[in-house]
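Student: I have the sequence and the structure open, and I would like a close look at one part of it. Please explain one helix slowly, together with whatever surrounds it.

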There are 2 protein chains.
Amino acid sequence: MKLLEEKIIKEGRIYPGQVLKVGAFLNHQIDVPFMNKVAEEFYNLFKDEPITKILTIETSGIGIACLTANIFNVPVLYAKKSKGINIGDDVYTVQVTSYTHKNVSNVIIEKQFLGPDDVVLILDDFLANGCALEGLLDLVKMAGARAVGCGIVIEKAFQDGGTRLREKGIRIESLARIKSMDVVEGIVFID
Amino acid sequence: MKLLEEKIIKEGRIYPGQVLKVGAFLNHQIDVPFMNKVAEEFYNLFKDEPITKILTIETSGIGIACLTANIFNVPVLYAKKSKGINIGDDVYTVQVTSYTHKNVSNVIIEKQFLGPDDVVLILDDFLANGCALEGLLDLVKMAGARAVGCGIVIEKAFQDGGTRLREKGIRIESLARIKSMDVVEGIVFID
């Protein structure tokens, strides 16, 4: 998505360790008018699927999930990363490693909100090592639901998550795929 | 908002300790088609204000903030609860106590995303003791921005946050105000 690549180059900032900060429009501030165009792109990619629910993981997937769900006219379900007192015991749980936060979290969904009748589109802001997506795909499987694929705003294609998931036959639609990034050279996208 | 009160009675569940679970439509699953009606209500209440940005706090405010921002056609800024490696040092920080999670968090926004030209609508899912809203109001003040008021989906009016904030002259618009709730007696709303 050309507009998205331009946005990343204009507003993203690169830090050592291949950290890309896109807090200007994606995961701190959310540029809602712009992200609506991203949501429309996901809608166009997946509109032929009989999607009943959009699944994401807290926190930074929630905004794009809601804007996309708004076009599909379906609910969002966001998996939660730890167990607060507002969560009951009747949950599906997977463990997910966070690259950003350097920790392992229990990620849960309540069983009552996902079942065999659900056709699920998984959305997230980033795909890097793929651990979050694999966790969400496992949750969909545990629930007996069907995942039609994953929509990703920014894929760090120099990490192996996207390759590994596509090799498993998962449909991964990343709207911007970063081939390489570097403080000096900047960002190169895969065409 | 009558529709919202009906939704809370139908889909909310009350637990001992005056815990209300609304994971069916608000803070685990998000019933986006329904929450859009809630967003329209916020729009109608605040549409005469020259709002430039909607401010909320992760996690459960993000969905309603994005849907409302979509109608106002403005960005969302969500305050973050801890300091991951994707956040720089140039931030405003307040401390907020979470009733749900029984802890104190540093809550931050990056300085670059809020400034004296901003007119801010604060949105959140719940208002109980008011600590989160006070933190967000403090962040707006630190940034030199102006807050026009706070939109709340569900106010636990039997806790003192709403009263305390209104006494300070803050405009608080809660779409459902719970007077009392109890496992046996159910929920009573303030008219």
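Tutor: What follows is a walk around one helix, its neighbours and the loops beside it.

This is a predicted model, in which local features need pLDDT of at least 70 and side-chain atom pairs count only at pLDDT 80 or more, while totals for chains, interfaces and linings use all residues. Residues are numbered from 1 along each chain as its sequence is written, and chains are lettered from A and ligands numbered from 1 in the order in which they are written.

The part I have chosen is helix 3 of chain A, residues 62-72; helices (H or I, at least four residues) and strands (E, at least two) are DSSP runs, numbered from the N terminus. Helix 3 of chain A is mostly covered, since ten of its eleven residues are buried, where buried is the label for a residue with 20 or more other C-beta atoms within 10 Å of its own, exposed the label for 12 or fewer, and partly exposed the label in between, with C-beta atoms placed from the backbone. The buried residues are A:I62, A:G63, A:I64, A:A65, A:C66, A:L67, A:T68, A:A69, A:N70 and A:F72.

Let us begin with a neighbour in chain A. Two packed helices are described by the angle between their axes and the distance between the axes. Here the axes are lines fitted to C-alpha atoms, for helices over the stretch in contact, and angles run from 0 to 180 degrees between N-to-C directions. Helix 2 of chain A, residues 32-46, packs against helix 3 of chain A at an angle of about 60°, and their axes are 8 Å apart. The two helices are therefore oblique to each other, given that angles under 35 degrees count as roughly parallel, over 145 as roughly antiparallel, 65 to 115 as roughly perpendicular and the rest as oblique. Their crossing is right-handed, a word used if the near helix is turned clockwise from the far one by less than a right angle, whereas anticlockwise makes a crossing left-handed. Helix 2 of chain A contributes A:V32, A:M35, A:N36, A:V38, A:A39, A:E40, A:F42 and A:Y43 to the contact, and helix 3 of chain A contributes A:G63, A:I64, A:L67, A:T68, A:I71 and A:F72; two residues are in contact if their C-beta atoms, placed from the backbone, lie within 7 Å. By class, this contact has ten nonpolar, three polar and one charged residues, where Ala, Val, Leu, Ile, Met, Phe, Trp, Tyr, Cys and Pro count as nonpolar, Asp, Glu, Lys and Arg as charged, and the others, Gly among them, as polar.

Now turn to the other chain. In the model, 32 residues of chain A are in contact with 32 residues of chain B. Helix 3 of chain A gives the largest share of the side of chain A that touches chain B, namely six residues, and that side divides into 15 nonpolar, twelve polar and five charged residues. Helix 3 of chain A packs against helix 3 of chain B, residues 62-72, at an angle of about 50°, with their axes 9 Å apart, and these two helices are therefore oblique to each other. This crossing, too, is right-handed. The contact is made by A:I62, A:G63, A:C66, A:L67 and A:N70 on one helix and by B:I62, B:G63, B:C66, B:L67 and B:N70 on the other, and by class it has six nonpolar, four polar and no charged residues.

The stretches on either side of the helix deserve a look as well. In the loop between strand 4 (53-57) and helix 3 of chain A sits A:T59, which a cis peptide bond joins to A:E58, with omega about 5°. In chain B, a cis peptide bond joins B:E58 and B:T59, with omega about 0°, and B:T59 lies in the loop between strand 4 (53-57) and helix 3 of chain B. After helix 3 of chain A comes A:N73, whose phi is positive, near 60°. In chain B, the phi of B:N73 is also near 60°, a positive value in a residue other than glycine, and B:N73 is exposed, with 10 other C-beta atoms within 10 Å.
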